[in-house]
Amino acid sequence: MRCVGERRFPGRPENVRDVRSFAAHLLAKELPGAAADGALLYDVRLLVSELSANAIEHTFSGRRRRGSFHVRVWLGEDRIRCEVRDQGWWSGPQLRHEPRQASGRGLQLVAAMARWGVRRHWFGRIVWFEMPLAKGCLA
């Protein structure tokens, strides 16, 4: 896999839209076929938004005045990988199964739509997801 883009974002909720734009721009630039696949573009934007919102809501990335998080996008021959590195090293993300809660379903979406995981980082963690690419996207 090769990294096609990385960017740091301030840990404020209004920056989630910038994350979506960043991911969409990279996909359109690196995979012109992806621009034609509205479903892939929508899914990647949705999932990277969920991971970014979690970084802001649940870690020092959003709680500290100068908190931030990084988004990195990787492309392989048959998949795309998005990583969100945040400042939340003390615990791992958790899937919630509370049907009556008004929020907390972001990781359930990620888990339902993609393969995902968590890696510890020296000052934080990296939460990632991978999705397969259709053959038409690679042209």
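Analyst: A cavity is a set of grid points where a 1.4 Å probe fits but cannot get out. With that term in place, the model can be examined, bearing in mind throughout that it is predicted.

User: How many cavities of 30 Å³ or more does the structure hold?

Analyst: The structure holds one such cavity. The volume of the largest cavity is about 50 Å³, and this value is to be set against the cut-off of 30 Å³ used for the count.

User: What makes a residue part of the lining of the largest cavity, and which residues are they?

Analyst: A residue counts as lining if it has an atom within 4 Å of a cavity point. For the largest cavity, the residues are Glu6, His70, Val71, Arg72, Glu83, Arg85 and Ile126. Two elements, β2 (68–75) and β3 (79–86), give two or more residues each to this lining, and β2 gives the most, with three residues.

User: How do the residues of that lining divide by class?

Analyst: Four of the lining residues are charged, two are nonpolar and one is polar. Glu and Arg count as charged, so Glu6, Arg72, Glu83 and Arg85 fall in the charged class. Val and Ile count as nonpolar, which places Val71 and Ile126 there, and His70 is therefore the polar residue.

User: What makes β2 and β3 a pair of strands, and how are they joined?

Analyst: At least two bridges are required for two strands to pair; β2 and β3 are joined by six, and they run antiparallel. These two strands form a hairpin, with three residues between them. Within this pairing, arginine 72 has glutamate 83 in β3 as its bridge partner, and leucine 75 is partnered by isoleucine 80. Arginine 72 and glutamate 83 also appear in the lining of the largest cavity.

User: Which other strands pair, and in what sense?

Analyst: Strand β1 (residues 2–10) pairs with β2 in the antiparallel sense over eight bridges, and in that pairing cysteine 3 has tryptophan 74 as its bridge partner. Another eight bridges join β3 to β5, again in antiparallel fashion, with arginine 85 partnered by isoleucine 126 of β5. Strand β4 (residues 115–121) and strand β5 (residues 124–132) are antiparallel as well, with seven bridges, and a hairpin of two residues joins them. In that last pair, arginine 120 stands opposite arginine 125.

User: Why is β3 described as largely enclosed by the rest of the structure?

Analyst: A residue is called buried when its relative accessible area is under 20%. In β3, six of the eight residues meet that condition, so the strand is largely enclosed by the rest of the structure. For the protein as a whole, buried residues make up 42% of the 139 residues.

User: Why is tryptophan 128 called buried, and what lies around it?

Analyst: The relative accessibility of tryptophan 128 is 10%, and the limit for a buried residue is 20%, so tryptophan 128 counts as buried. This residue lies in strand β5, and, with neighbours within four places in sequence left aside, its contacts include Leu51, Arg81, Cys82, Glu83 and Trp116. The C-alpha atoms of tryptophan 128 and glutamate 83 are 4.2 Å apart, although the two residues are separated by 45 residues in sequence.

User: Is leucine 31 buried or exposed, and where does it lie?

Analyst: Leucine 31 lies in the loop between α1 (16–30) and α2 (32–36). At 7% relative accessibility, a value under the 20% limit, leucine 31 is classed as buried. From its C-alpha atom to that of leucine 133, 102 residues away along the chain, the distance is 9.9 Å.

User: Why is glutamate 14 called partly exposed?

Analyst: Its relative accessibility is 38%, and partly exposed covers the range between the 20% limit for buried and the 50% limit for exposed, so glutamate 14 is assigned to that class. Glutamate 14 is found in the loop between β1 and α1, and its C-alpha atom is 9.6 Å from that of alanine 53, which is 39 residues apart from it in sequence.

User: How do the elements run along the chain, and what share of contacts joins residues at least 24 apart?

Analyst: The protein has five helices and five strands, in the order β-α-α-α-α-β-β-α-β-β from the N terminus. Of the contacts between residues at least 6 apart in sequence, 66% join residues at least 24 apart.

Key: Residues numbered from 1 in each chain as written. Predicted model: local features only at pLDDT ≥ 70, side-chain atom pairs only at ≥ 80, totals over all residues. Heavy atoms only, no water. Helix = DSSP H or I, 4+ residues; strand = E, 2+ residues; numbered from the N terminus. Buried < 20%, exposed > 50% of the residue type's maximum accessible area, 1.4 Å probe, protein only. Contact = heavy atoms within 4.5 Å. 1 Å grid on protein atoms, 1.4 Å probe; cavity = no way out; pocket = protein on both sides within 12 Å on 5 of 7 lines; lining within 4 Å. Points joined across faces, edges and corners; volume = space filled by probe spheres on them.
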